[in-house]
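Thanks for coming. Please have the sequence and the model open while I talk.

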Amino acid sequence: MTTAQHYPIGSPGQPWGAAEKSQWLTLQTRKRSYADDVLRRVDALRARFDVLEYGRIEYDGEVFPLLAIRSRAWRDELPCVLVTGGVHGYETSGVHGALEFVEQRAADYGGRVNLLVVPCVSPWAYERIHRWNAAAVDPNRSFRDNGGAPESAALIRLVAPLRERFLVHIDLHETTDTDETEFRPALAARDGKPFEPEGVPDGFYVVGDTEDPQPAFQQAIVAAVAKVTHIAPADAKSEIIGSPVVGHGIINYPLRELGLCAGVTQARYRTTTEVYPDSPRATPEQCNAAQVAAVRAAIDFALTH
Ligand SMILES: [Zn+2]
């Protein structure tokens, strides 16, 4: 790699310090409104669901309330389902798909499961269309004790009392072209490592847990989403972003070892969705619908197995 190709902040081979992180921060601008896009939509759900503020994130005087939407008829004997979106704030269909699921489909599960839906775990990044929080930390590598992201710590505290009671946890994400052009180069620069391009898979895939992969569950989600949008093929090495493809549109990660959100509960069925919004064959509406289809398939599978 030549210097000219290096990320514009920091020096090749040198991890960022405070100066580089603050230089990065000055480049991040507010591009959309969490209040308009998320809080207002959650407010409209208060007539039918309980809404709980489970924490607040504050950066430089800006305050973001963290909201969770919960089944009103919560019954302790029912299994619990956790849906999370916006752990990566830029991954729009994760946020909007979670809200759309509650608005359009949550009622279908009344009396069958207790739903806990957190539509936007990382609101500062939602507004900046970024992957990291304001401290240049990735919340989705921070789901561990002292993980360093307040967004992740707040969610850990929210689910802790119910950790063993979840049957399903589905964490809604996207894989985007900007992963390869901006976010992965920024990560390499931040950590003082060379950037190795991986390519961007064209289509939807899921990430199961290496420790407990539940292939039939992952397959059921992929089959449901295939009716809405196309599924990512394996690359020439039979991989998707560097991981072996273990089934059509399925890879596994060691979720807890990596500090990923999908490992935050003891749910028997857990997964991460990866919608691809930059395909010429996928509209934003289709991406949201793919997330909704994934959530429904996950709950339906869990309830019948
Ligand atoms: Zn993500």
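I will go from the whole chain to the zinc site, then to the rings, and end with a few single residues.

This is a predicted model, in which local features need pLDDT of at least 70 and side-chain atom pairs count only at pLDDT 80 or more, while totals for chains, interfaces and linings use all residues. Residues are numbered from 1 along each chain as its sequence is written, and side-chain values use heavy atoms, with hydrogens and water left out.

First, the chain as a whole. It has eight helices and 10 strands. Both are DSSP runs numbered from the N terminus, helices being H or I with at least four residues and strands E with at least two. The radius of gyration is 19 Å, close to the 19 Å from the globule rule for 305 residues, so the chain is as compact as a globular protein of that length. That radius is taken over C-alpha atoms, and the rule is 2.2 Å times the number of residues to the power 0.38. The C-alpha trace spans about 60 × 50 × 35 Å along its principal axes.

Of the 305 residues, 54% count as buried. Buried means under 20% relative accessible area, exposed means over 50%, and partly exposed is in between, with a 1.4 Å probe and protein chains only. Take the contacts between residues at least 6 apart in sequence: 76% of them join residues at least 24 apart. A contact here is heavy atoms within 4.5 Å.

Now the metal. Which residues coordinate the zinc ion? They are His88 through ND1, Glu91 through OE, listed twice, and His173 through ND1, at 2.0 to 2.3 Å. Donors are N, O and S atoms within 2.8 Å of the metal, or 3.2 Å for Na, K and Ca; water is not among the atoms, so sites may look incomplete.

The angles subtended by the four donor atoms run from 58 to 143°, which makes the arrangement irregular. For comparison, four donors count as tetrahedral if all angles lie between 85 and 135 degrees; four count as square planar and six as octahedral if opposite donors are over 155 degrees apart and all others between 65 and 115; anything else is irregular.

In sequence, the donor residues follow the spacing H-x2-E-x81-H. Glu91 is in the loop between β3 (80–85) and α3 (92–105), and His173 is in strand β5 (residues 166–174), so this pair ties together parts 82 residues apart in sequence. Glu91 counts as buried at 1% relative accessibility, and His173 is buried with a relative accessible area of 1%.

Next, the aromatic rings. How many aromatic pairs does a search of the whole structure find? It finds 11. Rings of Phe, Tyr and Trp (its six-membered ring) pair if their centres lie within 6.5 Å; planes under 30 degrees apart count as stacked, over 60 as edge-to-face and the rest as tilted.

One pair is Tyr7 and Trp16, with centres 6.0 Å apart and planes at 35°, so it is tilted. Tyr7 is buried at 12%, and Trp16 is buried at 7%. Trp24 and Trp132 also form a tilted pair, 5.4 Å centre to centre with 55° between the planes. Trp24 is in helix α1 (residues 18–26) and Trp132 in the loop between α4 (123–128) and α5 (150–159), so the pair ties together parts 108 residues apart in sequence. Trp24 and Trp132 are buried. Ring pairs link Tyr7, Trp16, Trp24, Tyr59, Trp124 and Trp132 into a cluster.

Two arginines sit over rings. The charged end of Arg32 is over the ring of Tyr126, 3.8 Å from its centre, and Arg70 lies over the face of Trp74, 5.8 Å from the ring centre. The criterion is NZ of Lys or CZ of Arg within 6 Å of the ring centre and within 35 degrees of the ring normal.

Last, three single residues. Asn146 is in the loop between α4 and α5. Its phi is near 55°, a positive value in a residue other than glycine. Most residues other than glycine have a negative phi. Asn146 counts as exposed, at 80% relative accessibility.

Ser142 is in the loop between α4 and α5, and is buried at 3%. Ser142 and Leu260 are 118 residues apart in sequence and 6.8 Å apart in space, C-alpha to C-alpha.

Gln214 has a positive phi of about 50° although it is not a glycine. Gln214 lies in the loop between β6 (205–209) and α7 (215–225) and is buried, with a relative accessible area of 18%.
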